[in-house]
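Subject: Structure handover

Dear colleague,

Here is the structure I promised to pass on, and below it you will find an account of what turned up when I went through it. Please read the notes with the model open beside you.

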Amino acid sequence: IGTSITNTIVSMGQMGDGAQLERAFAGATVHDLFNLLSVAILFPLEVISHYLYHLTNAMLPDSVGDGEKWEGPIKKIVSPFAGRVLKSNKDVIKDIATGKVENCDAYYPVLCLDGIEDYKHCASKCDKDAGEEVGVDCGRVGLITCDKTTGCPAFFQNGANLHDDSISGGVCLVLSLFLLIVCLMGLVNVLQRGLAGMSTRIIYKATNVNGLIAIAIGTGITILVQSSSITTSVLTPFVGLGVIQLEQMLPLTLGANIGTTITGLLAAMVSDNVDALQVALCHLFFNLSGIVIWYPIPIMRRVPLRGARALGRATRRSRLVPPIYIIVVFFVIP
């Protein structure tokens, strides 16, 4: 559910034109509605029958190999730049979830050996079996960590406490939202200028394909970029401009949902962990189950389409509908 907030925010980049906003918001929320409707049916079904557990459990091998993690092309390009600004310490949430530590206070204050800020002196882990101690043989990092390749990011600070790292995270969040809005405005402006006349008709014909082919296209694009949010967020402005119809946006979105599960499968197959593979398979079959319910039968397909159109028309009455929708659906209800 949470991953669909991105393209909903993207649709707000077309606030300047009522007709474009109506189409874009409908194109974005058709993704939300499919996910919400699928959860509404499949989550209670799973609680009662455990069908996903039993289905995936029957498919599991005795073991999976340990190998090198697969990375998509977009991640390879973006990660080095992002890692120089901020790099989150994924061990924190894992240790809290497994009960290894009670809260984030166990990771503070940040400590780098000899005051040197690099991966070796700050983020290398102690070997407790060998009797190594924090502050003597290894450092300690909090919510923000260092990378073996790029070193410590700009917002990393030796001696920082939880409050310092929280402020750093908040600053990066505000900056990222500002950059997102600027990029969205630029994207919509470029599309408006570039997709005029003949090019619009060409793209419309190219995307006006059979639903199964559209699902395959959405799956393929998402496997390449490793993110359904990127796929749907790029397509949303096209819907707003009328280049892609809502009926075509739905199967492309469904394909993106399938494609994003492939990343988890690829990671699980080289993780040397059978449980991780089962979780990835559950993710895949959850999306496939949702597609079987809501797409092949026309009367069922019309449910998310009509809901999305109704939400799009609501933007005609008030431009506040998109932000209110985002706050209610993604923050208040959860």
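Asp 91 and Lys 125 form a salt bridge in which the closest N and O atoms are 2.9 Å apart, and I should say at once that the model is a predicted one. Because Asp 91 belongs to helix H5 while Lys 125 sits in the loop between H6 and H7, this pair ties together parts that are 34 residues apart in sequence. Lys 125 counts as exposed, because its relative accessibility is 62%. Asp 91 and Lys 125 are also joined with Lys 94 into one network, by salt bridges that share partners.

The structure holds 5 salt bridges, and two others deserve a description here. In one of them the side chains of Glu 22 and Arg 316 meet, with an N to O distance of 2.7 Å; this pair links distant parts of the chain, since Glu 22 is in helix H2 and Arg 316 is in helix H13 (residues 298-317), 294 residues apart. In another, the side chains of Arg 309 and Glu 247 meet at 2.0 Å, again taken from N to O. Here too distant parts of the chain are linked, with Arg 309 in helix H13 and Glu 247 in helix H11 (residues 246-269), 62 residues apart. Are the two partners buried or exposed, or somewhere in between? Arg 309 is partly exposed, because its relative accessible area is 31%, and Glu 247 is likewise partly exposed, with a relative accessible area of 36%.

Turning to the aromatic side chains, a search of the whole structure finds 2 aromatic pairs. The rings of Phe 25 and Tyr 325 have centres 5.4 Å apart and planes at 85°, and because an angle over 60 degrees counts as edge-to-face, that is how this pair is classed. The pair links distant parts of the chain, Phe 25 being in helix H2 and Tyr 325 in helix H14 (residues 321-332), 300 residues apart. Phe 25 counts as buried because its relative accessibility is 0%, and Tyr 325 is buried as well, with a relative accessible area of 10%. Tyr 325 also pairs edge-to-face with Phe 330, at 6.3 Å centre to centre and with 80° between the planes. Phe 330 is buried, as Tyr 325 is, and the ring pairs link Phe 25, Tyr 325 and Phe 330 into a cluster.

What kind of surface patch do Asp 127, Asp 129, Glu 132, Glu 133 and Asp 137 form? The patch that these residues make up is a negative one. One of them, Asp 137, is found in the loop between helix H6 (119-123) and helix H7 (162-194), and this residue counts as partly exposed because its relative accessibility is 39%.

Some points of backbone geometry are also worth checking as you go along the chain. The peptide bond that runs from Tyr 108 to Pro 109 is cis, with omega near 0°, and Pro 109 is found in the loop between helix H5 (90-97) and H6. Asp 114 lies in the loop between H5 and H6, and its phi is near 60°, which is a positive value in a residue other than glycine. Asp 114 is exposed, because its relative accessible area is 72%. His 50, a residue other than glycine, likewise has a positive phi, near 55°, and its place is in the loop between helix H2 (18-49) and helix H3 (51-59). With a relative accessibility of 40%, His 50 counts as partly exposed, because that value falls between the limits of 20% for buried and 50% for exposed.

As for the overall make-up, the secondary structure of the protein comes to 14 helices and 0 strands, and buried residues account for 40% of the 334 residues in the protein.

With best wishes

How values were computed. Residues numbered from 1 in each chain as written. Predicted model: local features only at pLDDT ≥ 70, side-chain atom pairs only at ≥ 80, totals over all residues. Heavy atoms only, no water. Patch = residues over 30% accessible without salt bridge, like charges linked within 9 Å, V, L, I, M, F, W, Y side chains within 5 Å. Areas by Shrake-Rupley, 256 points an atom, 1.4 Å probe, with all protein chains shown as cover. Salt bridge = Lys/Arg side-chain N within 4 Å of Asp/Glu carboxyl O. Lys, Arg positive; Asp, Glu negative; His and termini not counted. Charge placed at Lys NZ, Arg CZ, Asp CG, Glu CD. Helix = DSSP H or I, 4+ residues; strand = E, 2+ residues; numbered from the N terminus. Buried < 20%, exposed > 50% of the residue type's maximum accessible area, 1.4 Å probe, protein only. Phe/Tyr/Trp six-rings, centres within 6.5 Å; stacked < 30°, edge-to-face > 60°.
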